[in-house]
Amino acid sequence: MRRIQHVAVLGAGVMGAGIACHLANAGFQVLLLDIVTPGLAEDKQSNPDARNQLVNRALAQSIKSKPAPLYQKEYANRIQTGNLTDDLHRVKDCDWIVEVVVERLDIKQQLFAQVEEHRRPGTLVTSNTSGIPIHLMTEGRSEDFKRHFCGTHFFNPPRYLRLLEIIPTPDTAPEVTQFFLDFGANYLGKKTVLAKDTPAFIANRIGVYAMARIYQLTEELGLPIDVVDKLTGPALGRPKTGTFRLGDLVGHDTAAHVIEGIRQNCPTDEQAATFQIPAYLKFLLDNKFLGNKTGQGFYKKVDEKDEKGRSVYHILNLKTLAYQLPEKVTFPSLEAGKQIDDLGRRVNMFFEHSDDGAKLIQKSLLGLFAYASNRIPEIADEPYRIDDALKAGFAWEAGPFELWDMIGLETGIKRAEAAGETIPAWVQDMVQKGHSTFYTIQNGRRYSYQPSSGTYIEIPGQSSTIQLDYLRHQAPVYQNDEVVLHDIGEGVLCLEFRSKMNAIGEGILRGLQESIQIAEEGEWKGLVIGNHAQNFTVGANLMMIAMMAYQQEWDELNMAINLFQQTTMRCRYSNIPVVAATQGYVFGGGCEAIMHCDGVVAAAESYIGLVEVGVGLIPGGGGTKEFAVRISDSFREGDVQVNTLIDHFKTIATAAVSTSAYEAYGLGYLQPEKDQVVLNLEQHIFEARARVLALAEHYVQPIQRDDVTVLGRGGLAALYAAANELKLGKWASEHDIKIARKVAWVLCGGDLTGSQNVSEQYLLDVEREAFMSLCGEQKTLERVQHMLQTGKPLRN
Amino acid sequence: MEAYIVKAFRSPVGKAKKGSFQHFRSDDLAAVVIRHIMANTPGLEPAHIDDVLVGCANPEGEQGLQIGRQIALLALNKDVPGMTINRYCASGLETISIAVAKIRAGLGSCYIAGGTESMSMIPMTGYKLAPNYQFASKTPDYLASMGMTAEAVAKKYEINREDCDAFALRSHTLAAAAQDNGWFDDEIVPIEVPQVWVENGKRKEQQITVTADEGVRRETTLEALAKLRPAFAQGGIATAGNSSQTSDGASFVLVMSEDLVKQLNLTPIARLAACAVAGVDPLYMGIGPCAAIPKALQQAGLTLQDIDLTELNEAFATQALAVIRQTGLDPDTVNVNGGAIALGHPLGCTGAKLSTQIFNELRRRGKKYGLVTACVGGGQGIAGIYERLS
């Protein structure tokens, strides 16, 4: 079986360094090489440090960039650096060699010739090119080299964008192609998509078409760019950057290069006319207004703040080519869209309106349907490959064919044709055959239409994933307003949060209690808590707490907090294993809940934190208590204890959030003995189920703890002194210190005159009392209100 | 009976955690300096030594087990006792003053006094922060960290960032000049440091000899200093560049009664004319010398005008400037060879080290009175006045 341990990355530009970092994230030993530092003085020419200065600086710069390319800074140790002149021979020890040098065929060919001199037979070699035909690169190479060569196209930034296009040549061994499709998904956490060796492959070909078409329509309809960004951003299930701001982010020179590349290399493309650089984009290019990297592009940040203290941006008027303040233009369709959460319903709504905003969306979508469907089989054989590429590479919520399914196959055809688009025969043929969708779901698996066979095929890779969306046809085991309890097979249940932003309110708390009870009383092996939303949960529903605090309903509030505590405690103290599967934000109450589970399977991109201090509170759902337990468990005979206490205290008092799941171990939110990380976001519920099954074999309900060592006054004194430092250094306000002292109080078990063992319930009572006391503070209520209104923490 | 300083030496001062003494223990460092005193004092035998007084600000861990006694055993023999004295940054001067006081009181005739500190090995607040609960809950400002006190002093005495950076630059410039002129050569005891480490999987071994202070930054500029971020407080002015460096070092002096000096036919180099300590608000720790200096002057029957040279420990530029301005010290006579910002501040050693430096500078300039003063953690100041004799 092919195993990867050492990987060489040739080329340390933005992509090369980023790929090296992500390979380090995945645990590989990486060798990153670039050219010898040019222009070295005579006396430096034999100095290895000087010769590697270029590659070392490039790597250092990448590691410093935001968002961080490494899960943890320490992973930089997994990357060794060198230069292509002195160190290329080291590729003989590598199992995979990735080429990421400058986009010039002659240079790449020359490099591959050198690589061949050192490479062991059987070693994989790939190119990360985005524009050069893959098959041209291996000219003159050996048979073994060609068999083990293909394109592996990462997207920038490699850690965060999930797409990895795998592009075989006619010479690539099928086992090599299949290896990368599996390896990319299982080891690098990527959505791998098989692409053909056609210009710009799949994601950029379709994505750039969509962009160019919107550029065109914006001019035609005379719309301001900021409005188009709103229409083509979240309204259409796409990132907030929309279209023009995305261009600014990518850089217009890069974007123009790709547009030009497609125009030149696809002369027979029926949309060749769309791949033209519009005059206004030429204006930006001519003036080197290339976007964020040059400080201005379609948008220009001016030296002003609005009344809310936010930076003011001017926008480019596409007609006058002058920058101006955005006017507050809106459309009925855009406003209506804000009220609709479901993307399918929103898209259909846009087809019911006739304002210019709706027109832009209609025309761009219908064009997209036609363009994407006409690319089959040119760039991909099945629709799902195109949808997967756009979703993973451009962070779209739905790809062209999924959007089409939302509108309806036949409706889509009719509307597209009415708009002058040409729909290919294979789609017409589907209707003839009586099919009405590109996708179907059967037995929890998703199937895609395959034009070549005229049938539906199971989309590969689903044997190691569980998608709750594919289980919606089966009746839920239980549900309420905020949760759905699914049977995910093999005797395991999965509780899915469904509230707005997955905020934890009474519905979720009751749902958790009910689910555990159902599992305990029925023939279930255990429970997974997991969902596929962008964020696992943003934390407790603040509105609920705020209402009770404002109306001074203290008894009700006390009961609500008690319910929260008892619910998180149930996650641990039940007779079935409970395992959480997390991704995105795992904040506040969500963090408290997962800390009480028997295990956590965290997607690497899980941002975990007890953030309550930001809204003037302390973790009151057992989180502070749990930290006290973890502190106690880390005490060793003879150690000074207080340092562990201070570390954990700081984590809560500064509302520290991990920037990856791996970082959460260091903060004490995850524990190595019971929690694990998976790189692939789509596999976490599957892995959580496996964990439940493993635990269920020998599961015994844990016994509630009454041996938690707390330090009382001795610890409090140290924490009060530490908190005061934050105040003196102006890192914290008076109210921050008040809250920090409450955190200290709970962690130390109050002002006990000596260190003592206490029970979990005692600590929960202390925690609840401290939480309640803060709810009576005006400044806390101001913080809560500010968060509810603006989504941002208030420092008061 | 009068007591005299007969010898004074110091180790070079190493940069904590990255310098030459990062793995060299402070008891070993002290022992080398003390053996150097013995070797350079004809006729002096361990049997003459009544006690070894060791200043140390964090006497725990590697500096634990009553490090004064450990050093006496390491440097001399089992018959010589040793004691640890802790008045934080004043420790090294306090031990000298105790030795002088004992001799004047007739309780002994010969002491080795000074201090040693490894800031590489022991954290600033010790291994366990365990303040008094009453304090921590009612007056936590009394427990303020040193950096916060630097900011508090800056605010109260209106010290600005530009002046601090200029003061820091002066410290480095003067220290570099003193090194170039060889003015520390007579007082520094070369230290042989054995080093054993693993490189590329192989055990390696070497012995280095350290002869110079490691903290001086010759290349620093006002621009470079101005770029540094506040090290402690948000919007603060104390930076890593205008604060003292954390360091490793040891310094000791030989204090002897008039009778023994005569008996051994030695030449005294100075006498301690006065030494006083005073308490101040712990939050404004840095201003401590302002309270101690007048007490010492009064003891000695002198005025500030009589003072020829001052070694003012540069804990922070903020407090050094505040002290200079509040006391009216002549800035041109303060830290003429640079201070702790450039040369380092090995806490418990510092008082003895500054004493050693001032003996040599007074001699070089042919001057009489030297003031050694320092602020002290917990809100104190110390001031000692030496009269040079040779």
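**Exercise 1.** In this predicted model, decide whether Gln552(A) is buried or exposed, and describe its backbone setting.

*Solution.* Begin with the surroundings of the residue: Gln552(A) has 11 other C-beta atoms within 10 Å. A residue counts as exposed if 12 or fewer such atoms lie within that distance, and Gln552(A) is therefore exposed. Next, locate the residue in the chain, where Gln552(A) lies in the loop between α20 (542-550) and α21 (554-572) of chain A. Finally, inspect the backbone: Gln552(A) has a positive phi of about 55°, although it is not a glycine. Most residues other than glycine have a negative phi.

**Exercise 2.** Carry out the steps of Exercise 1 for Gln641(A), and state whether this residue is buried or exposed.

*Solution.* The phi of Gln641(A) is positive, at about 65°, and this residue is not a glycine. Its place is the loop between α23 (623-634) and α24 (642-653) of chain A. Since 20 or more neighbours make a residue buried, Gln641(A), with 21 C-beta neighbours inside 10 Å, is counted as buried.

**Exercise 3.** Find which residues of chain A are joined by a cis peptide bond to Pro67(A) and to Pro157(A), and place each proline in the chain.

*Solution.* For Pro67(A), the partner in the cis bond is Lys66(A), with omega about -5°, and the proline sits in the loop between α3 (53-64) and β3 (79-83) of chain A. For Pro157(A), the partner is Asn156(A), and omega is about -5°; this proline belongs to the loop between β6 and β7 (163-168) of chain A.

**Exercise 4.** Work out how strand β5 (residues 124-127) of chain A is oriented and which strands pair with β5(A).

*Solution.* Start with the side chains: Leu124(A) and Thr126(A) point one way, Val125(A) and Ser127(A) point the other way, and all are buried. In a regular strand, side chains alternate between the two faces of the sheet. Then take the pairing with strand β4 (residues 96-99) of chain A, which runs parallel to β5(A) and is joined to it by 4 bridges; here Trp96(A) stands opposite Leu124(A). Strand β6 (residues 149-154) of chain A also pairs with β5(A) in the parallel sense, over 3 bridges, and Cys150(A) in β6(A) is the bridge partner of Thr126(A). To complete the picture, follow the chain from β4(A): together with helix α4 (residues 105-118) of chain A and β5(A), this strand makes a right-handed β-α-β unit.

How values were computed. Residues numbered from 1 in each chain as written. Chains lettered and ligands numbered in written order. Predicted model: local features only at pLDDT ≥ 70, side-chain atom pairs only at ≥ 80, totals over all residues. Helix = DSSP H or I, 4+ residues; strand = E, 2+ residues; numbered from the N terminus. Pairing = 2+ DSSP bridges. Right-handed = clockwise from strand over helix to strand, strands pointing away.
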